[in-house]
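Please open the model in your viewer and keep the selection tool at hand, as this tour goes from one selection to the next.

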Amino acid sequence: MTVTNEMGSADAALPQRADVVIVGGGVMGLSTAYQLMRLSKGRLKVVVIERSYLVSGASGRNGGGVRMQWADRQNVELMMRSIDICKGLAQELGINTWFRQGGYLFLARTPQAEAQLERNAELHHHVGAPTRLLSPEAAREIVPQLDVTDVRVATYNPDDAVVFPWAFVWGYAAQAVKRGAVVRTHTSVERIEPEPGGRDGFALHLSTGESIEADTVINATGAWSVGLNRSLGIELPNHPHRHEIMSSEPLKPFLDPLVVDLACGLYFSQSTRGEIVAGVSMPSEGDDADPTEINLGSSMLFLGRLSRALCRVMPIARSLKVLRQWSGPYDVSPDGDAILGRTPGFPNLIQMCGFTGHGFMMAPVVGELVARNLVQGKDHPVLSRWSPGRFDDPSYTGRGETMIIG
Amino acid sequence: MSHRVFVCRCEDVTTHEIEDALDRGLSTVEEIKRYTGLGTGPCQGKECMCTLVGLLVSRGLADADAVQPFTARPPAEAVTFGALAAVPESPPEKGGAS
Ligand SMILES: Cc1cc2nc3c(=O)[nH]c(=O)nc-3n(C[C@H](O)[C@H](O)[C@H](O)COP(=O)(O)OP(=O)(O)OC[C@H]3O[C@@H](n4cnc5c(N)ncnc54)[C@H](O)[C@@H]3O)c2cc1C
């Protein structure tokens, strides 16, 4: 047997210096590594360092929902591009991504939610996203099992999708390695230090006792990014929040779209494996106590809330069984927009965090735009809009995306 | 007759797929679960875990005294949404599996 280590390993040899070191082997770090190798035609020396195994973070624990139905124009456009990339990704990466475009169906029960969906539908029309405003009865034509009593209006976008997240992550890792990136697992970056001697690079100190130098460092550690930033004295306002999720026993395919009930933050979809995957908004747990501490655990409270919400909107779920529940960390940004780009005071440290509950779907497009920026010098409007420096800007309004779920 | 050997009957994971994961350099229970889907079906790994661990030990990839199964996910047995809808609202509890 020849072991190829084609998706990284704990003993992958590290160079002494790299052009780019990406800390964190989640979907963000790996999609960026792949795009850097692709766009530089293998010329860049890129290293990914992951503390545990590759799908151990939020990227291995999420719902796989991929949608262009956002309230903010830029997010709609970004996600149109991301979905476009997803369509060709199975072929590009040579894996089955389990990408299924069954649409997203949003249900509004309050006048505020109704107004939000109406605004969305109009915006999406302008941007060219195929979102339709539907009556409750028309929503039932798409999902006949729904009880739409009290539902005022719905929106449906047939291009929205779900994926099975694990395959994505492995696919990006394998292609990054194939193009020359080094992916080192089971190794954590303990500390980052500015390089002495007037160079703008960094020295990274690892849990194995090794160190590596880099011209550019990307902090792609998601909910863990606060601790790493603090090692450089950087304070950013993102913080971890435990988000619970579950899956049911598998059923024959019957549910096309991912359904969101805006009244309680319930979302549910049927994965390509047949199971119902669902989550719901939960009360805050005093997240900001210590933003370097991550709680992962499962609660009965969650199952109770989720079950009540689900049985209300889809009564046939009463006799369906819950098979497994787990949780993962949201990396919550206070205004709902990610924290992306060069760090004030450390221009060669790129932040790639704060993606809250939608980083999976954005990873394909964000990896691409960050790599274009680093390799080709191309700017992108989100790099200033989502800049880590925005929180200190006097004109900062604190307003961002409003269609956050969970 | 097919010569395929199923290790995980819930998710149809064969010995061939596990060999493939090992060939690609994956070597731990959690990684192999997430690469093949092994143990994520209705029996939650009760049937396949021992076979996988036995294989890892025999290849020298795991130490028989130290190797752990993957994190068990609640509920211990499948329960209907209808029954769970009766769970009362109470303060969040901590703990459980991660
Ligand atoms: C339950 C749940 C459901 C979700 N549903 C959706 C959804 O439907 N759609 C969607 O788009 N998004 C969803 N999300 C959000 C999405 O999962 C995340 O935004 C996304 O996975 C973030 O990817 P990442 O690569 O930034 O972070 P992660 O996948 O968390 O990766 C960060 C990695 O960094 C590693 N790391 C941390 N510290 C260090 C260190 N010091 N040195 C080295 N490595 C380190 C960690 O081990 C981890 O692997 C959901 C999240 C959760 C928790």
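Begin with the place where the two chains meet: in this predicted model, select chain A together with chain B, and look for the 15 residue pairs in polar contact that are found across their interface, both residues of each pair having a pLDDT of 80 or more. Four elements of chain A each give two or more residues to the side that touches chain B, namely α5 (165-178), β12 (239-248), α7 (300-313) and β16 (321-332). Colour α7(A) next, since the largest share of that side, 10 residues, comes from this element. Sorted by class, the side of chain A that touches chain B holds 21 nonpolar, 14 polar and 10 charged residues.

Now widen the selection to both sides of the contact, which takes 45 residues from chain A and 41 residues from chain B. The size of an interface is often given as the accessible area lost when the parts come together. Here chain A and chain B bury about 3900 Å² between them, with 59% of it on carbon and sulfur atoms. Show Leu301(A), Leu323(A) and Arg324(A), which lose the most area to chain B within chain A and together make up 16% of what that side buries.

How many salt bridges are found across the interface of chain A and chain B? There are 4, and one to display is the pair Glu89(B) and Arg308(A), whose side chains meet with a distance of 2.9 Å from N to O.

Next, hide chain B and colour chain A by its two domains: domain 1 covers 8-61 + 166-238 + 336-392, while domain 2 covers 100-159 + 242-327. The C-alpha centres of these two domains of chain A lie 31 Å apart, and the contact takes 7 residues from domain 1 and 8 residues from domain 2. The area buried between the two domains is about 640 Å², of which carbon and sulfur atoms give 60%. Select Arg61(A), Trp224(A) and Arg230(A), which supply 61% of the area that domain 1 buries against domain 2, more than any other three residues. Between these domains of chain A there are 0 salt bridges by the rule, although 2 residue pairs are in polar contact.

Finally, select the ligand, which 35 residues surround, the closest being Glu50(A), Ser59(A), Gly65(A), Gly359(A) and Met361(A). An oxygen atom of the ligand lies 3.2 Å from a backbone N or O atom of Val27(A). Turning to nitrogen, you can find a ligand atom 3.1 Å from a polar backbone atom of Arg51(A), and a ligand nitrogen is 3.0 Å from a polar backbone atom of Gly357(A).

Terms used:
Residues numbered from 1 in each chain as written. Chains lettered and ligands numbered in written order. Predicted model: local features only at pLDDT ≥ 70, side-chain atom pairs only at ≥ 80, totals over all residues. Heavy atoms only, no water. Domains from an automatic or database assignment. Contact = heavy atoms within 4.5 Å. Buried area = accessible area lost by both parts, 1.4 Å probe. Polar contact = N/O pair within 3.5 Å; in protein donor to acceptor, adjacent residues only side chain to side chain. Near = heavy atom within 4 Å. Nonpolar A, V, L, I, M, F, W, Y, C, P; charged D, E, K, R; others polar.
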